[in-house]
Amino acid sequence: MASLKSKVSYSCSNNNTNSVPFSLSSFYKKVVTQIRFPNTTISPPKLQLQALGKARAKVLLSTKMAAGTVNEVLPPPLDSSSEPPPVFDGTTRLYISYTCPYAQRVWITRNCKGLQDKIKLVPIDLQNRPAWYKEKVYSANKVPSLEHNNEVKGESLDLIKYIDSHFEGPSLFPQDPDKKEFAEELLSYTDTFNKSVISSFKGDGNEAGAAFDYIETALSKFGDGPFFLGQFSLVDIAYAPFIERFQPFSLEVKKYDITAGRPNLAAWIKEMDKNDAYKQTRRESKELVEIYKKRFTAQL
Ligand SMILES: N[C@@H](CCC(=O)N[C@@H](CS)C(=O)NCC(=O)O)C(=O)O
């Protein structure tokens, strides 16, 4: 007997019901524990629709959508030949680049909160950037930026907090004061962490081990892993796009396994790999390694 539970991903909770911190969790649990399917050759989505009937299927699909589990058709990037979108027409737009880790943080947050219908993705080709992006949208000319309520805001760490607090969907920031304080510490450490690792990739030193040790220790701070703060949060989102790049590059080019001797980090990566909202934002690690090779190997 395959239960629906194995087919529905709790994108933000990673199928780990113990870590589901959100009000939606009890709803998910109710839905998934009520419905079971016999083994069959029918593909899972079809099977789900048939077995559920229209009304319940609708509930399930919207649940999957809210949890970021429905695969979105991603729009092609806009380049110098593209017309600008009708900026400030009331649409909320998230300008990203598909390969930018900073933009990815905001994209994951949007998916995790189930805001696919509320926040429109506008990918930009940074290599062939449209002039209107700087002129009409975001004068800093970087991604990510968010067009919302007739304003455009930038800076990924500010944006993930902004989206978490200004939009519906499960809260991605802890309530507990100790965890809140540690969340801020971890968020402000992200730049130092990235710089240390990247400088070691450039061959400037050997700070990467210490930076990964910091993460390993942070992951055990409250003893309620696998996430930084027990529950999945903005902190996991802030680190994920970078660790996603550092791990394969380090292994392939530096012959250094960042998870060796770091069981908490290994468990965190494994858990993050199950997160559908995050998975939809990921690129092939081969592509990411190639980008880093171009950026760093010339300097090695
Ligand atoms: N501190 C910014 C960094 C954003 C950033 O550097 N984005 C890169 C792409 S990954 C960018 O837009 N670069 C274009 C440029 O610097 O011209 C944030 O956290 O959002």
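1. Helices H3 and H8. In this predicted model, H3 (residues 101-112) and H8 (residues 234-253) have axes that come within 9 Å and cross at roughly 140°. The two helices are therefore oblique to each other. An angle has to be over 145 degrees to count as roughly antiparallel. The crossing of H3 and H8 is right-handed. On the H3 side, the contact is made by Pro101, Gln104, Arg105, Ile108 and Thr109. H8 contributes Leu234, Ile237, Ala238, Ala240, Pro241, Phe242 and Arg245. By class, this contact has 8 nonpolar, 2 polar and 2 charged residues.

2. Helices H6 and H7. Here H6 (residues 177-201) meets H7 (residues 208-218), with axes that come within 8 Å and cross at roughly 150°. That angle makes H6 roughly antiparallel to H7. The crossing is left-handed. Leu186, Phe193, Ser196, Val197 and Ser200 of H6 make the contact with Ala208, Ala211, Tyr214 and Ala218 of H7. The residues of this contact divide into 7 nonpolar, 2 polar and no charged.

3. Thr190. This residue is found in H6. Is Thr190 buried or exposed? Neither label fits: Thr190 is partly exposed, because 17 other C-beta atoms lie within 10 Å and a buried residue needs 20 or more. Leaving aside neighbours within four places in sequence, Thr190 is in contact with Ala238 and Tyr239. Ala238 also belongs to the H8 side of the contact with H3. The C-alpha atoms of Thr190 and Val235 are separated by 9.1 Å, and these residues are 45 residues apart along the chain.

4. Ligand shell. Which residues surround the ligand? They are Ser97, Cys100, Tyr102, Leu126, Asn141, Lys142, Val143, Pro144, Gly154, Glu155 and Ser156. By class, the shell holds 5 nonpolar, 4 polar and 2 charged residues. Tyr102 falls in the range of H3 (residues 101-112). Gly154 falls in the range of S6 (151-154).

5. The loop between H4 and S5. Pro144 is found in this loop, between helix H4 (131-137) and strand S5 (145-148). The peptide bond from Val143 to Pro144 is cis, with omega near 5°. Both Val143 and Pro144 are among the residues around the ligand. Asn141 lies in the loop between H4 and S5 as well, and is listed in the ligand shell too. Phi of Asn141 is near 60°, a positive value in a residue other than glycine. Asn141 counts as partly exposed because it has 15 C-beta neighbours inside 10 Å.

6. The loop between S5 and S6. Asn149 is found here, ahead of strand S6 (151-154). Phi of Asn149 is near 50°, again positive in a residue other than glycine. What is the exposure of Asn149? With 10 C-beta neighbours inside 10 Å, Asn149 counts as exposed, since the limit for that class is 12 or fewer.

7. A further cis bond. The peptide bond from Gly225 to Pro226 is cis, with omega near 15°. Pro226 is found in the loop between H7 and H8.

8. Whole chain. The chain has 11 helices and 6 strands. Buried residues make up 35% of its 300 residues. Of the contacts with a separation of 6 or more, 73% are accounted for by residues 24 or more positions apart.

Key: Residues are numbered from 1 along each chain as its sequence is written. This is a predicted model: local features need pLDDT of at least 70, side-chain atom pairs count only at pLDDT 80 or more; totals for chains, interfaces and linings use all residues. Axes are lines fitted to C-alpha atoms, for helices over the stretch in contact, and angles run from 0 to 180 degrees between N-to-C directions. Helices (H or I, at least four residues) and strands (E, at least two) are DSSP runs, numbered from the N terminus. Angles under 35 degrees count as roughly parallel, over 145 as roughly antiparallel, 65 to 115 as roughly perpendicular and the rest as oblique. A crossing is left-handed if the near helix is turned anticlockwise from the far one by less than a right angle, and right-handed if clockwise. Two residues are in contact if their C-beta atoms, placed from the backbone, lie within 7 Å. Ala, Val, Leu, Ile, Met, Phe, Trp, Tyr, Cys and Pro count as nonpolar, Asp, Glu, Lys and Arg as charged, and the others, Gly among them, as polar. A residue is near a molecule or strand if its C-beta atom, placed from the backbone, lies within 6 Å of it.
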